[in-house]
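Biologist: Before the terms are discussed, may the structure be shown?

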Amino acid sequence: MKRLLVVDDDARMRRVLQILAHKIGLDCAAVSGADEALASFHAERSDVVVTDLKMPGKSGIEFLRELRAIDGEVPVVVLTAHGTVATAVEAMKLGAVDYLQKPFDVDALELVIRRALDLFRFRLENRFLREQAGGHPRSGELIGGSPAMLLIFELLREVAPTRSAVLVTGETGTGKELVARAIHELSPRKDKLFVPLNCTAIPSELLESELFGHVRGAFSGAQTDRVGKFQAADDGTLFLDEIGDMDVRLQAKLLRVLQEKVVEPLGTNRRIPIDVRIVSSTNRDLETAMREGKFREDLYFRLNVFHVKLPPLRERKEDVAELAEAFLAGFARDLGKPGLRLAPEAVALLEAYAWPGNIRELRNLTERAAVLCRGGIVGSSFVRSLLPADVEPRATDLDLERALGDLERRMILDALAATGDDKLAAAKLLGIGERTLWTKLKKHAI
Ligand SMILES: Nc1ncnc2c1ncn2[C@@H]1O[C@H](COP(=O)(O)OP(=O)(O)OP(=O)(O)O)[C@@H](O)[C@H]1O
Ligand SMILES: [Mg+2]
């Protein structure tokens with residue numbers, strides 16, 4: 001049985017979701033806060049997660065961030081109060097697949113949960129296929145022909161073969177990790193390991209042992225020996241993701257290891273020589289962090305021998321079409337929907353959008369489009385329905401058709417909810433013919 005995890009401090013909401021889960025045939029765990037939810041997820045993975053954003057203690061965003069460190073794929077639907085769309089967008093950046101504004105009706109929620117489960121199944125199958133093929137994910141290739149990206153490719157080709165440290169910066173979803181992997185792949189170390197370590201996700205005491213390793217009994221909780229990431233990455237590449245979040249005390253230790261090229265696992269006085277290439281990344285402004293005393297200057301200069309600065313997608317709109325088409329083709333192939341294409345007007349819409357979540361957001365959107373699209377062409381109204389609907393229109397983006405489309409979609413969902421999914425009754429309620437309703441359902445992918 002598939003499992004739904006509900007995180008909401010409102011007991012009534014948990015109850016509603018439990019009833020809904022039962023109706024859809026899902027096993028349901030409902031908890032009132034983020035920590036409990038993470039513990040529950042650790043104990044037993046869920047197939048889909050629904051979380052409130054505003055909760056006492058950790059917020060939904062913090063929860064999502066920590067959840068993503070454990071599981072990058074489980075689909076998450078967020079529930080937001082009215083008027084907190086910015087937070088919802090933030091959640092989408094962290095890979096939430098959908099969001100609903102409270103108050104919502106149960107049918108809309110059911111629809112969203114069903115879609116999220118579809119997406120999850122697709123992702124699992126996709127991963128399975130990939131593993132069977134023994135290949136790298138097809139997304140592993142860097143795409144982009146914009147002048148900014150061409151310069152970056154040139155820099156990568158020069159820098160990758162050296163053993164110099166590289167710092168990769170850029171907003172969330174701009175491809176920092178992909179670039180780090182490309183540096184490894186283009187280097188003579190490519191047959192050795194690329195070892196990523198996310199410095200945010202792990203409490204600082206644990207991060208230290210993750211980095212340097214420990215022996216049994218080195219601290220309470222160290223029940224077995226553990227090889228550190230530095231040792232694992234010996235002769236290969238260590239990718240320190242979100243380095244800006246590392247605490248200053250640990251930064252000092254890291255600096256020493258980088259200078260001496262020797263690690264000492266915790267609880268030992270063994271000194272193990274290592275040869276590791278360091279690529280690090282951050283979406284923080286390290287210069288500010290240094291001024292505030294939160295990031296060591298000497299470490300910064302060690303890590304930042306070369307700097308790769310990835311521009312946000314909105315500054316390289318030329319890449320949007322190419323990226324969207326490549327992603328769509330990949331997903332379509334995996335789904336057995338070859339030939340699925342984007343209509344030119346749909347591409348224009350994508351190019352006009354600001355992509356706060358950058359390439360990740362674009363990739364997620366094309367994934368949803370591929371899974372949900374019924375015909376052979378992804379049209380503009382469909383794409384519009386997939387773009388965050390409630391983002392404030394900018395003065396330059398007063399798109400009447402889009403606004404009306406959103407309104408129409410919501411009214412149809414409301415009508416269906418009010419009539420228990422009875423199409424004929426819903427059409428009556430909306431004052432349109434049943435046939436027109438069917439056309440519109442198709443248009444909105446309802
Ligand atoms: N130039 C590109 N071509 C193709 N795919 C890309 C490109 N850049 C990023 N992607 C894809 O976008 C997604 C996000 O990229 P990645 O994880 O590298 O971003 P990031 O900068 O590390 O984000 P974050 O700061 O949130 O960790 C990944 O699925 C990645 O494969
Ligand atoms: Mg990253």
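**Reasons behind the terms**

Modeller: In this predicted model, the second largest pocket has a volume of about 730 Å³. Closest to its centre, among the 32 residues of its lining, are Asp 98, Tyr 99, Leu 100, Arg 409 and Leu 413.

Biologist: Which elements each supply at least two residues of that lining?

Modeller: They are β5 (98–101), α5 (106–133), α15 (358–372), α16 (380–386) and α17. Helix α5 gives the largest share, six residues.

Biologist: How do the residues of the lining divide into nonpolar, polar and charged?

Modeller: There are 19 nonpolar, four polar and nine charged residues in the lining of the second largest pocket.

Biologist: Why is Leu 407 called partly exposed?

Modeller: Leu 407 belongs to helix α17 (residues 400–418). Its relative accessibility is 47%. Buried requires under 20% and exposed over 50%, so Leu 407 counts as partly exposed.

Biologist: What makes the nonpolar surface patch that includes Leu 407?

Modeller: Leu 400, Leu 404, Leu 407 and Met 411 make this patch of about 410 Å². A patch residue needs over 30% relative accessible area, and Leu 407, at 47%, therefore meets that cut-off.

Biologist: Why is Arg 249 also called partly exposed?

Modeller: Arg 249, in helix α10 (residues 248–260), has a relative accessible area of 43%. This value lies between the limits of 20% and 50%, so the term is partly exposed.

Biologist: How far apart are Arg 249 and Ala 21 in space?

Modeller: From C-alpha to C-alpha they are 46 Å apart, and in sequence 228 residues separate them.

Technical notes: Residues numbered from 1 in each chain as written. Chains lettered and ligands numbered in written order. Predicted model: local features only at pLDDT ≥ 70, side-chain atom pairs only at ≥ 80, totals over all residues. Heavy atoms only, no water. Patch = residues over 30% accessible without salt bridge, like charges linked within 9 Å, V, L, I, M, F, W, Y side chains within 5 Å. Areas by Shrake-Rupley, 256 points an atom, 1.4 Å probe, with all protein chains shown as cover. Salt bridge = Lys/Arg side-chain N within 4 Å of Asp/Glu carboxyl O. Helix = DSSP H or I, 4+ residues; strand = E, 2+ residues; numbered from the N terminus. Buried < 20%, exposed > 50% of the residue type's maximum accessible area, 1.4 Å probe, protein only. 1 Å grid on protein atoms, 1.4 Å probe; cavity = no way out; pocket = protein on both sides within 12 Å on 5 of 7 lines; lining within 4 Å. Points joined across faces, edges and corners; volume = space filled by probe spheres on them. Nonpolar A, V, L, I, M, F, W, Y, C, P; charged D, E, K, R; others polar.
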